[in-house]
Amino acid sequence: MKTNYHTHTWRCNHAEPDERAYIEAALSTGTRVLGFSDHTPYPFDDGHCSGFRMRCDQAQDYVDTLSALKQEYRGEIDIHIGFEAEYYPRYFSRLLSLLEPLGYEYLNLGQHFLGNEVDGPYVCTPTDDPDMLERYVRQTSEALNTGAFSCFVHPDIFRFTGNERVYREKMRNLCREARSCGVPLEINLLGLGTHRHYPRETFWEEAAVVGNQVILGWDAHQADWMKQPELEAAGEDMIRRLGLHRIQYLTLVRPRSK
Ligand SMILES: [Zn+2]
Ligand SMILES: [Zn+2]
């Protein structure tokens, strides 16, 4: 792929240690734009610390390390510095304030919990409850409308097992919201390559109807993950087959804290 805006680092506790390895892997496959978007730190109350994201005190080092690599690789590959963030209404402005002084460039929306991870359910827990699905749509729509996000990654992560007609209707609304907010949707190659419940075909059929901009993302937690031409081809095939509107480059938006 020419671009990938979804790359993790070791700080989230579930990815490969060496940032440089991702850059070299990207270069070796002809990628010219590599965006890092590790799981953002989140400033919860009472010092709650999640195991799948960097700590708040690691954010500066994350940005500094990538900034140095960005300079070093200048002319070979464009490195961008971002975060993957959930939209947790209760903590979001605090998050933006925390990130404000850092020299980062963009946020990907990746919504792994409803409400927030301290008090809400995990979106990959199967449910047939349309109200839960509606909550996911409402929360992510609100997120899209903040204008803080450059891309919505694995928008189809919510694991709904109920009525398919209801699913399509709600997802079509979500796709419309993303389109009107100008936020592209990511087909997640980690999900595709590991046979998760996403990418979910019917979601993308709705996105095709709505005419969303669609981008492929590796969601790399290991450098070698990006060296899978057959997986990339499977993603491209899906785009062609469903008649989706593919883009390769994101317009990066730097969120502003209020
Ligand atoms: Zn991850
Ligand atoms: Zn990710």
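Tutor: A residue counts as buried when its relative accessible area is under 20%, as exposed when it is over 50%, and as partly exposed in between. Please keep in mind that the structure above is a predicted model.

Student: Are histidine 6 and glutamate 84 buried or exposed?

Tutor: Both residues are donors of the zinc ion (ligand 2), His6 through its NE2 atom and Glu84 through OE. On the scale just given, a residue with less than 20% relative accessible area belongs to the lowest class. Histidine 6 falls into that class together with glutamate 84, and the word for both is buried.

Student: Which residues coordinate the zinc ion (ligand 2)?

Tutor: Along the chain the donors follow the spacing H-x1-H-x75-E-x134-D, and we can read from it two histidines, then a glutamate, then an aspartate. The donor atoms lie at 2.0 to 2.4 Å, and the residues that carry them are His6, His8, Glu84 and Asp219.

Student: What is the geometry of the site of the zinc ion (ligand 2)?

Tutor: For four tetrahedral donors the ideal angle at a metal is 109.5 degrees. To count as tetrahedral here, four donors need all their angles between 85 and 135 degrees, while square planar asks for opposite donors over 155 degrees apart and all others between 65 and 115. The 4 donor atoms of the zinc ion (ligand 2) make angles of 80 to 167°, and the site is classed as irregular.

Student: How many residues apart in sequence are the parts that histidine 6 and glutamate 84 tie together?

Tutor: The spacing of the donors of the zinc ion (ligand 2) is H-x1-H-x75-E-x134-D. Histidine 6 lies in the loop between strand E1 (3–4) and helix H1 (19–28), whereas glutamate 84 belongs to strand E3 (residues 78–85), so the parts they tie together are separated in sequence by 78 residues.

Student: Which residues are the protein donors of the zinc ion (ligand 1)?

Tutor: The zinc ion (ligand 1) lies 4.5 Å from the zinc ion (ligand 2). Its donor residues are spaced H-x24-H-x181-H, and this pattern contains histidines. Each of them offers an NE2 atom at 2.0 to 2.1 Å, and the residues are His14, His39 and His221.

Student: Into which class of accessibility does histidine 14 fall?

Tutor: Histidine 14, in the loop between E1 and H1, and histidine 39, in strand E2, link parts of the chain 25 residues apart. Histidine 39 has a relative accessible area of 5% and is therefore buried. Histidine 14 has a relative accessibility of 36%, and it therefore counts as partly exposed.

Student: What separates the C-alpha atoms of cysteine 12 and aspartate 38?

Tutor: Cysteine 12 is found in the loop between E1 and H1, and its relative accessible area of 0% makes it buried. Leaving aside neighbours within four places in sequence, its contacts include Asp38, His39 and His221. Although cysteine 12 and aspartate 38 are 26 residues apart along the chain, their C-alpha atoms are separated by 6.8 Å.

Student: Which residue meets arginine 11 in a salt bridge?

Tutor: Arginine 11 counts as buried at 2% relative accessibility. Its side chain meets a partner at 2.8 Å, N to O, and that partner is glutamate 19.

Student: How many residues apart in sequence are the parts tied together by arginine 53 and glutamate 86?

Tutor: Arginine 53 forms a salt bridge with glutamate 86, with 3.0 Å between the closest N and O atoms. Arginine 53 lies in the loop between strand E2 (33–39) and helix H2 (59–72), and glutamate 86 in the loop between E3 and helix H3 (92–99), so the parts they tie together are separated in sequence by 33 residues.

Student: What radius of gyration does the chain have?

Tutor: The chain holds 8 helices and 8 strands, and buried residues make up 55% of its 258 residues. Among contacts between residues at least 6 apart in sequence, 78% join residues at least 24 apart. For 258 residues a compact globule would have a radius of gyration near 18 Å, and the value for this chain, which agrees, is 17 Å.

Key: Residues are numbered from 1 along each chain as its sequence is written. Chains are lettered from A and ligands numbered from 1 in the order in which they are written. This is a predicted model: local features need pLDDT of at least 70, side-chain atom pairs count only at pLDDT 80 or more; totals for chains, interfaces and linings use all residues. Side-chain values use heavy atoms; hydrogens and water are left out. Donors are N, O and S atoms within 2.8 Å of the metal (3.2 Å for Na, K and Ca); water is not among the atoms, so sites may look incomplete. Four donors count as tetrahedral if all angles lie between 85 and 135 degrees; four count as square planar and six as octahedral if opposite donors are over 155 degrees apart and all others between 65 and 115; anything else is irregular. Helices (H or I, at least four residues) and strands (E, at least two) are DSSP runs, numbered from the N terminus. Buried means under 20% relative accessible area, exposed over 50%, partly exposed in between (1.4 Å probe, protein chains only). The radius of gyration is taken over C-alpha atoms; the globule rule is 2.2 Å times the number of residues to the power 0.38. Contact means heavy atoms within 4.5 Å. A salt bridge is a side-chain nitrogen of Lys or Arg within 4 Å of a carboxyl oxygen of Asp or Glu.
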